[in-house]
Amino acid sequence: MSQIDQNTKAIFKNIKELLILAAKDRNHTFHTPVFSSNCENNSVNSRVVVIRKFDENNLKINFHTDYRSPKILDLQKNSQTSFVFYDYKIKIQLRIKTLSIINHKNNISKHAWGNTPLSSRKCYLATKPPSSSTTLSEDSIPKHLKGINPTLDESEKGYENFTVIENKILNIDWLHLNSSGHQRLQIRLDNLKPVFNWIIP
């Protein structure tokens with residue numbers, strides 16, 4: 001194996017390790033990337049999401065959302081999406097293009113819901129949809145739940161709104177900033193197998 005092949009494979013391995021950490025460690029800088037989707041008027045909508053799972057074998061990044069959220073309509077009309085991750089400590093940026101899959105009231109969402117703590121389930125009990133207008137600054141969580149978590153039985157109502165977004169990785173743009181010379185590598189996934197291409201940063 002050539003030195004170039006060794007380097008690119010080591011980078012790809014490190015990317016997967018970072019994404020695994022992103023899902024497990026809430027304090028990791030990759031835990032909350034920017035996720036972008038296309039809106040109805042062809043504009044781009046970006047927001048920060050929380051990485052809940054990284055499937056290393058199938059190269060999928062998962063996050064959770066409310067089925068009433070406007071992003072669901074975006075994804076139903078255009079499933080082409082992207083993530084941007086940046087770790088200022090190691091100076092690595094990942095721009096990842098993905099194909100998003102909505103999982104609502106299916107085996108995937110049911111399994112994830114079973115592993116969702118009460119404090120997170122509470123978010124899906126909001127009485128008003130995300131992004132809806134309101135006359136007051138509020139989160140529409142029922143008043144009796146202010147400052148406390150719902151009971152397990154009470155939380156089950158939230159499953160109606162709970163959704164898992166699976167994002168299948170199509171390609172990765174890896175950038176490493178370094179004072180001695182920046183590096184940039186494009187990784188295209190062909191049937192889950194990486195195809196590498198060095199490019200100018």
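**Figure 1. Lining of the largest pocket in the predicted model.** The largest pocket is lined by 39 residues. R52, H64, T65, D66 and Y124 lie nearest its centre. The elements that give two or more residues to this lining are β3 (51-55), β4 (60-66), α3 (107-114) and β7 (162-176). β4 gives the most, with six residues. By residue class, the lining of the largest pocket holds 14 nonpolar, 14 polar and 11 charged residues. The volume of the largest pocket is about 940 Å³.

**Figure 2. The aromatic pair of W113 and Y124.** The search of the whole structure returns 11 aromatic pairs. W113 and Y124 form one that is edge-to-face, with 6.2 Å from centre to centre and 75° between the planes. W113 lies in helix α3 and Y124 in the loop between α4 (118-121) and α5 (152-155), so the pair ties together parts that are 11 residues apart in sequence. W113 is buried, and so is Y124. Y124 is also among the residues that lie nearest the centre of the largest pocket.

**Figure 3. The stacked pair of F83 and F85 and the aromatic cluster.** The ring centres of F83 and F85 are 5.8 Å apart and the planes meet at 20°; the pair is therefore stacked, the limit for that class being under 30 degrees. Both residues are buried. F83 and F85 belong to one aromatic cluster together with F30, F35 and F63.

**Figure 4. The hairpin of β1 and β2, and the pairing of β1 with β5.** Strands β1 (residues 34-38) and β2 (residues 44-48) run antiparallel and are joined by five bridges. Within this pairing, N38 has V44 in β2 as its bridge partner. The two strands form a hairpin with five residues between them. In the turn, N42 has a positive phi of about 70°. β1 is also joined to strand β5 (residues 80-87), by three bridges, and this pairing is antiparallel too. Here S36 has S82 in β5 as its bridge partner.

**Figure 5. Surroundings of D87 in strand β5.** D87 is found in strand β5. Its relative accessible area is 5%, so D87 is buried. Leaving aside neighbours within four places in sequence, D87 is in contact with H28, T29, F30 and I92. One of these contacts, F30, is a member of the aromatic cluster that also includes F83 and F85. The C-alpha atoms of D87 and P142 are separated by 37 Å, with the two positions 55 residues apart along the chain as their sequence separation.

**Figure 6. Surroundings of R95 in strand β6.** R95 is found in strand β6 (residues 92-103). Its relative accessibility is 38%, so R95 counts as partly exposed. Not counting residues up to four places away in sequence, R95 touches F83, V84, N171, I172, D173 and R184. Among these, F83 is a member of the stacked aromatic pair with F85. The C-alpha atoms of R95 and S155, 60 residues apart along the chain, are separated by 35 Å.

**Figure 7. Two loop residues with positive phi, S140 and L192.** S140 has a phi near 60°, a positive value in a residue other than glycine. The place of S140 is in the loop between α4 and α5. With 7% relative accessibility, S140 counts as buried. L192 has a phi near 70°, again a positive value in a residue other than glycine. L192 is found in the loop between β8 (183-190) and β9 (193-198). L192 is partly exposed, with a relative accessible area of 37%.

**Figure 8. The whole protein chain, for orientation of the close-up views.** The protein chain has five helices and nine strands. From the N terminus on, the elements run α-β-β-β-β-α-β-β-α-α-α-β-β-β. The C-alpha trace spans about 60 × 35 × 35 Å along its principal axes. Of the 201 residues, 38% count as buried. Among contacts between residues at least 6 apart in sequence, 62% join residues at least 24 apart.

Methods. Residues are numbered from 1 along each chain as its sequence is written. This is a predicted model: local features need pLDDT of at least 70, side-chain atom pairs count only at pLDDT 80 or more; totals for chains, interfaces and linings use all residues. Side-chain values use heavy atoms; hydrogens and water are left out. Two strands pair if DSSP finds at least two bridges between them. Helices (H or I, at least four residues) and strands (E, at least two) are DSSP runs, numbered from the N terminus. On a 1 Å grid over the protein atoms alone, a cavity is a set of points where a 1.4 Å probe fits but cannot get out, and a pocket is an open set with protein on both sides within 12 Å along at least five of seven lines; lining residues have an atom within 4 Å of a point. Grid points are joined across faces, edges and corners, and a volume is the space filled by probe spheres set on the points. Ala, Val, Leu, Ile, Met, Phe, Trp, Tyr, Cys and Pro count as nonpolar, Asp, Glu, Lys and Arg as charged, and the others, Gly among them, as polar. Rings of Phe, Tyr and Trp (its six-membered ring) pair if their centres lie within 6.5 Å; planes under 30 degrees apart count as stacked, over 60 as edge-to-face and the rest as tilted. Buried means under 20% relative accessible area, exposed over 50%, partly exposed in between (1.4 Å probe, protein chains only). Contact means heavy atoms within 4.5 Å.
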